[in-house]
Amino acid sequence: MFAIQAKFTALSQEIREAETLLGRLDEDASELISGLALAEASEAVDAAEATAEVTAAPHMPDEVECPVCRTQPTSGIFGCRSHGHMVCGVCKDSLEHCPQCEDDFKARPPTRKGLMERHFGIKQ
Ligand SMILES: [Zn+2]
Ligand SMILES: [Zn+2]
């Protein structure tokens with residue numbers, strides 16, 4: 001009888017130790033999880049900052065004017081193929097060369113700058 005009781009006490013002791021260990025493991029796990037959450041959060045912040053930098057980097061003014069006729073290019077914004085020099089839709093049709101780098105508009109028509117048009121809210 002005594003032997004059984006001793007064994008029972010020993011087993012209870014082992015169970016208690018196991019429970020303590022489990023508790024410590026739980027703490028470790030929650031620390032790991034909160035650490036992970038922190039890492040993820042800081043990564044998200046980094047990503048957000050990177051995006052903000054990218055969107056802010058090519059700084060564009062609020063208004064734009066064609067360097068040739070000095071008016072708002074309501075007929076569209078175009079750029080020469082060599083350097084993307086800006087010219088409005090009207091001037092593009094009347095010019096044979098890029099006013100800035102002499103790029104041949106007849107052989108290499110300027111390309112439309114849809115992104116700039118959208119940025120400046122120019123109707124197409
Ligand atoms: Zn123009
Ligand atoms: Zn040009």
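Hi everyone, this is a short walk through the fold, the core and one methionine of this protein.

A word on ground rules: this is a predicted model, where local features need pLDDT of at least 70, side-chain atom pairs count only at pLDDT 80 or more, and totals for chains, interfaces and linings use all residues. Residues are numbered from 1 along each chain as its sequence is written, while chains are lettered from A and ligands numbered from 1 in the order in which they are written.

Let's start with the fold. We have 3 helices and 3 strands, taken as DSSP runs numbered from the N terminus, with helices being H or I of at least four residues and strands E of at least two. Along the sequence they run α-β-β-α-β-α.

How much of the protein is buried? Of its 124 residues, 12% are; buried is 20 or more other C-beta atoms within 10 Å of a residue's own, exposed is 12 or fewer, partly exposed is in between, and C-beta atoms are placed from the backbone.

Now the largest nonpolar core (buried Ala, Val, Leu, Ile, Met, Phe, Trp, Tyr and Cys joined through C-beta atoms within 7 Å). Its 7 residues are Cys66, Ile77, Phe78, Met86, Val87, Cys88 and Cys91. Strand 1 (77-79) and strand 2 (86-88) each give two or more of them, and strand 2 supplies the largest share, 3 residues.

Finally, have a look at Met116, in helix 3 (residues 114-119). Why does Met116 count as partly exposed? Because it has 18 C-beta neighbours inside 10 Å. Met116 also sits 9.2 Å from Gly76, C-alpha to C-alpha, although 40 residues separate them in sequence.
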